[in-house]
Amino acid sequence: MNSDEHLQSLQNLPWYYTVELAPGVFSKGHEHGNVAVTRALLRGVHFQGKRCLDVGTADGLIPILLSKQGAGEVVATDRADNSTKISHLKSAYGAEFEYLPGRQIHELPTIFDASGDRFFDLVICSGVLYHMINPLGYLALLRGLCRQGGLFLLETAAIQLPEETLVFNSGGRFYGTLSNYFVPTTAWVDYALRMLGLRPLQVAFLGGQNRHECLRLAVLCRSEPLPVPLDPEDDWVHQPFHTDAFRDEAQIDWERLGATKSDISCEDSVSDPVSIVGSRSLYEVVAKGIQHKPKKDEFRLNFDSTL
């Protein structure tokens, strides 16, 4: 197969993102909003030299950018096997990262334990949560991979409502007919993250500031040893049975996690319309915030791309 035939075969593959395969030659992918708000938050993160994990990597867009901009070790996972595409892109872009195809989320703790280190300075979960049949359990599992003091970036479809609710996508009528099961409200995202000891720091979002209209919500969090509820009177999040449940059902190794430490840092503000959370709820941040206004190149990968 000559080079032209090889490129044609690559173009004919199903692509999640629009990606430059060779100079001036692009895949027939899509330009999804999740990658734009994810990139907006990552621009302020000092991940250089740090250990990073991207869950649900699809075509590897985020790991390629992390690698090219100086991340120390990058691991990318996906339940699909996109090895042919990833192999080409790693070579074309000169990116170095470990790719784990065909891996389910519940397998990750065992896989990383076998490699010698379960924990990461930066964990990214973009475009995944609403595909999970067990959103809280899998979110907890991924939280358990983030070192204390580390950063956790969650991006998801969400609904701007003040009630802590997971909306079931019955009949595919609410958020498409693909494998989309539960869409969280902004209040649920806020409470679940804080319950797991993930303190929201910054938010970027696209669309959906009206009730019952989906938005794309990205939240950058700091991993802390204890729950960080908005309401100081909320004793329920501190109950010891949560520790047992998340250990037994979400594989969080609290003892080992407590012995970890990360010094990864992030900017307090960046040039994009990124909202600082402070003491506010995510519902309030979105209600009063400015939507991210991405440029076209933020939805795709090309050879000149940066975060």
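Which residue in strand 12 is the bridge partner of Val 203? The answer is Val 219, and the views below, all taken from a predicted model, start with the whole protein and then work through its sheet and one of its helices.

**View 1. The whole protein, with 10 helices and 15 strands.** Along the principal axes, the C-alpha atoms fit a box of roughly 65 × 45 × 40 Å. For 307 residues, a compact globule would have a radius of gyration near 19 Å, and the 19 Å found here agrees with that. Buried residues come to 53% of the 307. If you count contacts with a separation of 6 or more, 71% of them link residues 24 or more positions apart.

**View 2. The outside of the protein, about 13300 Å² of exposed area.** Carbon and sulfur atoms supply 50% of that area. As for charge, there are 28 positive and 38 negative side chains, and the centres of the two sets sit 3 Å apart.

**View 3. An open sheet of eight strands with mixed pairing.** Reading across, the order is 6-5-4-7-8-12-11-14. Strand 6 (98–100) and strand 14 (275–276) are at the edges with a single partner strand each, so one side of each has no neighbour in the sheet.

**View 4. A parallel pair in the sheet: strands 4 and 5.** Strand 4 (residues 51–55) and strand 5 (residues 73–77) are joined by five bridges. To find your way around, look for Asp 54, whose bridge partner in strand 5 is Ala 76.

**View 5. Strand 12 and its antiparallel pairing with strand 8 and strand 11.** Strand 12 covers residues 214–223, and nine of its 10 residues are buried. Nine bridges tie it to strand 8 (residues 146–159), with Leu 153 standing opposite Leu 220 of strand 12. Eight bridges link strand 12 to strand 11 (residues 198–206), and here you can pick out Val 203 with its partner Val 219, the pair from the opening question.

**View 6. Helix 7, a mostly covered helix at residues 186–195.** Nine of its 10 residues are buried. They are Thr 186, Ala 187, Trp 188, Val 189, Asp 190, Ala 192, Leu 193, Arg 194 and Met 195. As a reminder for reading any such view, an α-helix has 3.6 residues a turn, so residues three or four places apart point the same way. After helix 7 comes Gly 197, with a positive phi near 75°.

Definitions and conventions:
Residues numbered from 1 in each chain as written. Predicted model: local features only at pLDDT ≥ 70, side-chain atom pairs only at ≥ 80, totals over all residues. Heavy atoms only, no water. Buried < 20%, exposed > 50% of the residue type's maximum accessible area, 1.4 Å probe, protein only. Helix = DSSP H or I, 4+ residues; strand = E, 2+ residues; numbered from the N terminus. Pairing = 2+ DSSP bridges. Rg over C-alpha atoms; globule rule 2.2 N^0.38 Å. Contact = heavy atoms within 4.5 Å. Areas by Shrake-Rupley, 256 points an atom, 1.4 Å probe, with all protein chains shown as cover. Lys, Arg positive; Asp, Glu negative; His and termini not counted. Charge placed at Lys NZ, Arg CZ, Asp CG, Glu CD.
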